[in-house]
Amino acid sequence: MGIVNPCTMNIHEYQAKALFRQFGVATETGVAIQDLAEIDQAIKNLPEGIVVVKSQIHAGGRGKGTFTDGYQGGVKLAKSSDEVKEIASKMLGNTLVTKQTGAAGREVKTLYLTEGCEIEKEYYLAILMERKFSAPVFIASQEGGMDIEEVAEATPEKITQVVVDPALGLQAYHKRLVGFALGLEGHLFKQLMKMLDGLYNMFMEKDCSMVEINPLVTTKNGQLLALDAKVNFEDNALFRHEDILALRDLGEEDPKEIEASKYGLSYIALDGNIACLVNGAGLAMATMDIIKHFGGEPANFLDVGGGANTEQVTEAFRIILTDPKVEGILVNIFGGIMSCKTIAEGIVEAAKQVEIKVPLVVRLEGNEVAEGKAYLEQSGIALTPADSLSDAAEKIVKIVQG
Amino acid sequence: MSILVNKETRVVGQGITGRAGSKHALNNIAYGSNYVAAVTPGKGGQTFDDKLPVFNSVREAVEKEGANTSVVFVPPPFAADGILEAIDAGIELIVCITEGIPIKDMAMVRTALDKSNSRLIGPNCPGVMTPGECNIGIMPGYIAQPGKVGVVSRSGTLTYEAVYQLTVLGHGQSTCVGIGGDPINGTSHTDVLKLFNEDPETEAIIMIGEIGGDAEETAAAYVKEYVNKPVAAFIAGTTAPPGRRMGHAGAIVSGNSGSAETKIAALKDAGIAVAPTPSDIATTLLSVYQP
């Protein structure tokens, strides 16, 4: 729900472009390498001329990024084989920091070497599933290579949306609308028609949540090429795409979030010091809100799901406590169909296994709440029971802030 | 009176012979909900709970048992197919509990719904309950009592929170509706507000929303223009980090809407009382509603 759903899986640019080729979406020639030993062979497979060396990480702003050793730029042009090798040796294994990576940056484990091309003009093209239309929508603009959100803000008339009814499928008029919006003519228009077919087929067949090409370019020799590729897939549909799942790069994801997802937990780390453990996404967000309302700062979003069994609660505590910022924990469970006593037993068992050394406030509500609270009080573990959600939030904020 | 479901509702359970589905269906039946059939393809001819006939298709459940409402507990890979089958069988109200249905499948369902007379609640929702009459889905029955407040929410446990607060303060509910938190769903806040507004027995309304999309803003506009009953609301997600998932292109279409601040401003502008914390949902309603 909301921030937790729909979740999406990212892939690298070189993987996205391989998919593009599979679906007939034109892109420049490129070769990916994971090891410098592969570089001579890679260069042989590229056409003569300028080579672009691109760091492969799941974050935008690579071109303007800086490596942690001070080397500038995660995307660079090379005019000779020697220059390709020199740049590659500086990037591979190095850590790139961009405006989207955070200060820690990401290790570059793959480089993508592509042929350089002479750009005539840049465009923006994307297709995504939009909740407002309950359907896929193409987004096209002649303002390519720019921050598209800024274009949408300042000059919304420069962006065209074309909604496709998924039951009807992509029709010729949809494609013409996109083509005219981009102002393409003649053989470039024809190339676009083919590209849109490929994009739509890929989007639907592979259950993408978004495919973004920024920039899409026309070249001086009359080609229409996808020069960048950002492709996201919907988590809920990955069960039917083993080929896509195989492209997942766990090194690009937060290890705590991966660990959480193994146990059916949704976890998102935040900057505060009060951790929360809640059942249900809406209630989990509301719990973060009420901590803030009473002057505290939530350390995370954590939804243990409707059931909240002992194993899940134990894992949830473990994950929470790997965050050194956490100075207190608020557990908020609405018992629903499960008995609060069962949940209380789970919390106590989990607390014993994990050895919680920070203050713990527990608020239970729902089925057999009196029995649940009594069990907590008799458990002998150090925790503060709370009567209501506001009582719980006030208590944990007061305890943590001293 | 109530909306959507009542004593007369004839429920068919799709996928309730599975482990999770059966537990909840039995709870619903124990509550007094009028289940008339179960549907599990391949298990036709068996019985559920020793008395409910199991059919191979929803069509049979409609023809033989007069089912008019379906609850879907079918696992995510097959859930959209289950909904489409219910639409095809002419089921009036389909309540889909299943979490994790691929969005593409739901886009297809949306198209089929638009061409039919069926209404879908959900997916990824806790269900619908008219206290004392009919409870379909996974809501705990004991938190509610019959009364005159309508409750509509995108979130499950937050619905329980609001309903329970009302019950503890002695105020019952006409109907509690969980519309689900998925990006594509069958029934919106506005659809349910409209039903509550037209229901003579519903005197006041609680609406619970969360960040993302613009359904709450649309609902606020509807309330401003058409609703004269007292309305209170809560929006979850004031402190949530902004749009981690959908990336740039997602933010374009939704523009600036979707943040808690925008939603709360729209609700207040419509004369809706907005609860400052999730603990104050019922008391906020009672500040504008004196039964």
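Contact is taken here to mean heavy atoms within 4.5 Å of one another, and the description that follows concerns a predicted model.

In this model, the secondary structure of chain A comprises 13 helices and 20 strands, and the C-alpha trace of the chain spans about 80 × 50 × 40 Å along its principal axes. Of the 402 residues in chain A, 56% are buried. Among contacts in chain A with a separation of 6 or more, 68% are accounted for by residues 24 or more positions apart. The area exposed by chain A is about 16400 Å², of which carbon and sulfur atoms supply 49%. Chain A carries 38 positive and 57 negative charges, and the mean positions of these two sets lie 3 Å apart.

Helix H11 of chain A, formed by residues 340-354, was examined further. Its 15 residues reach 21 Å from the first C-alpha to the last, a span close to the 21 Å expected at 1.5 Å a residue. The buried residues of H11(A) include Cys340(A) and Ile343(A), followed along the helix by Ala344(A), Gly346(A), Ile347(A) and Val348(A), and then by Ala350(A), Ala351(A) and Val354(A). The cover over these buried residues of H11(A) includes two helices of chain A, H10 (310-321) and H12 (369-378), together with two strands of chain A, E18 (328-334) and E19 (360-365). Just after H11(A), Glu355(A) adopts a positive phi of about 55°.

Terms used:
Residues are numbered from 1 along each chain as its sequence is written. Chains are lettered from A and ligands numbered from 1 in the order in which they are written. This is a predicted model: local features need pLDDT of at least 70, side-chain atom pairs count only at pLDDT 80 or more; totals for chains, interfaces and linings use all residues. Side-chain values use heavy atoms; hydrogens and water are left out. Helices (H or I, at least four residues) and strands (E, at least two) are DSSP runs, numbered from the N terminus. Buried means under 20% relative accessible area, exposed over 50%, partly exposed in between (1.4 Å probe, protein chains only). Accessible areas come from the Shrake-Rupley method with a 1.4 Å probe; for residues, only the protein chains shown count as cover. Lys and Arg count as positive and Asp and Glu as negative; His and the chain ends are not counted. The place of a charge is taken as NZ of Lys, CZ of Arg, CG of Asp or CD of Glu. The expected span of a helix is 1.5 Å times one less than its number of residues.
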